[in-house]
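Colleague: I should like a close look at one part of this model, set in the context of the whole chain. Please take the sequence and the structure as shown here.

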Amino acid sequence: MTRGIDYGNLMHDAMRGLIRKVMDTVAQDGLPGEHHFFITIDTSHPDMQMADWLRARYPEEITLVVQHWFENLIVDDDGFAITLNFGNAPEPLYVPFDAISTFVDPSVEFGLRFELHSDEYDDDDDDDEEAPMMEDAPQEEKTGEVVSLDRFRK
């Protein structure tokens, strides 16, 4: 039985590898120039480590800003540890790469978006279920209208 190539997960792994390399470079050399990051994280991820008061305030997701003040950035294969300032209180965090839903560097208009599903955190391999095909969905009859381009000319 051939399962096929899972391009979606392969692409997510490659994009997470890119984030890992970027964060590793920043850990070693600091943020160059005007670079800074907005990183949105699923705070319900089982490996996400954060203070209880912070998790209570952001039970589903939080967007971290890595810009002017951060310390103790340590990157490993699965995620990164960082200390950020929340209302003049330094808080250590551990962020698994697979808890990241968006990674944006607005200084260069670069961004990545991941489609996170709670079942991504499970180790069960229930990928045998097939998604319904488009032709199985009820079809809506489409009607068209001819529009003269003269209406839009000046």
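Which residues does phenylalanine 37 touch, not counting residues up to four places away in sequence?

Modeller: The model is a predicted one, and confidence in it is a suitable preface to the answer. The mean pLDDT of the protein chain is 80, with 73% of its residues at 70 or more. Over residues 118–137 the pLDDT falls below 50, and in the model this stretch has 14 contacts beyond near neighbours in sequence. Among the elements, the lowest mean pLDDT, 90, belongs to strand β7 (residues 110–113), and the highest, 94, to strand β5 (residues 90–96).

Phenylalanine 37 belongs to strand β1. Its relative accessibility is 3%, and it therefore counts as buried, the cut-off being under 20%. Leaving aside residues up to four places away in sequence, phenylalanine 37 touches Val22, Met23, Val26, Leu31, Leu64, Val65, Val66, Phe103, Val104 and Asp105. A further relation links phenylalanine 37 to proline 106: the two are 69 residues apart in sequence, yet their C-alpha atoms are 7.1 Å apart in space.

Two of the residues touched by phenylalanine 37, Met23 and Val26, are also among the buried residues of helix α1, and this helix merits a description of its own. Helix α1 covers residues 7–29. With 23 residues, α1 reaches 33 Å from its first C-alpha to its last, close to the 33 Å expected at 1.5 Å a residue. The buried residues of α1 are His12, Met15, Arg16, Gly17, Ile19, Met23 and Val26. They pack against β1 (37–42), β3 (70–75), β4 (79–85), β6 (100–105) and β7. Glycine 30, which has a positive phi near 85 degrees, follows α1.

Histidine 12, one of these buried residues, has a relative accessible area of 13% and is buried for that reason. From C-alpha to C-alpha, histidine 12 is 9.2 Å from arginine 113, although 101 residues separate them in sequence.

The helix also has a residue that contrasts with these. Tyrosine 7 lies in α1, but its relative accessibility is 58%, so it counts as exposed. Together with Ile5 and Leu10, Tyr7 forms a nonpolar patch on the surface, and the accessible area of the three together is about 360 Å².

Met23 leads in turn to strand β4. Methionine 23 and glycine 79 are 56 residues apart in sequence and 9.4 Å apart in space, C-alpha to C-alpha. Glycine 79 is placed in β4. Because its relative accessibility is 0%, glycine 79 counts as buried. Not counting residues up to four places away in sequence, glycine 79 touches Ile74, Tyr94, Val95, Pro96 and Phe97. Of these, Tyr94, Val95 and Pro96 fall within strand β5, which spans residues 90–96.

Two asparagines deserve mention for their backbone. Asparagine 72, found in strand β3, has a phi near 55 degrees, a positive value in a residue other than glycine. A relative accessible area of 51% makes asparagine 72 exposed, since the cut-off is over 50%. Asparagine 88 occupies the loop between β4 and β5; its phi is also positive, near 65 degrees. With a relative accessibility of 72%, asparagine 88 counts as exposed.

These parts can now be placed in the whole. The secondary structure of the protein chain comprises two helices and seven strands, and the pattern along the sequence is α-β-α-β-β-β-β-β-β. Of the 154 residues in the chain, 29% are buried. Among contacts between residues at least 6 apart in sequence, 52% join residues at least 24 apart; the contacts of phenylalanine 37 with Phe103, Val104 and Asp105 illustrate such pairings. The chain exposes about 11,500 Å², of which carbon and sulfur atoms supply 49%.

Notes. Residues are numbered from 1 along each chain as its sequence is written. This is a predicted model: local features need pLDDT of at least 70, side-chain atom pairs count only at pLDDT 80 or more; totals for chains, interfaces and linings use all residues. Side-chain values use heavy atoms; hydrogens and water are left out. pLDDT is the predictor's confidence in each residue, from 0 to 100. Helices (H or I, at least four residues) and strands (E, at least two) are DSSP runs, numbered from the N terminus. Contact means heavy atoms within 4.5 Å. Patches are made of residues with over 30% relative accessible area and no salt bridge: like charges are joined within 9 Å, nonpolar side chains (Val, Leu, Ile, Met, Phe, Trp, Tyr) within 5 Å. Accessible areas come from the Shrake-Rupley method with a 1.4 Å probe; for residues, only the protein chains shown count as cover. A salt bridge is a side-chain nitrogen of Lys or Arg within 4 Å of a carboxyl oxygen of Asp or Glu. Buried means under 20% relative accessible area, exposed over 50%, partly exposed in between (1.4 Å probe, protein chains only). The expected span of a helix is 1.5 Å times one less than its number of residues.
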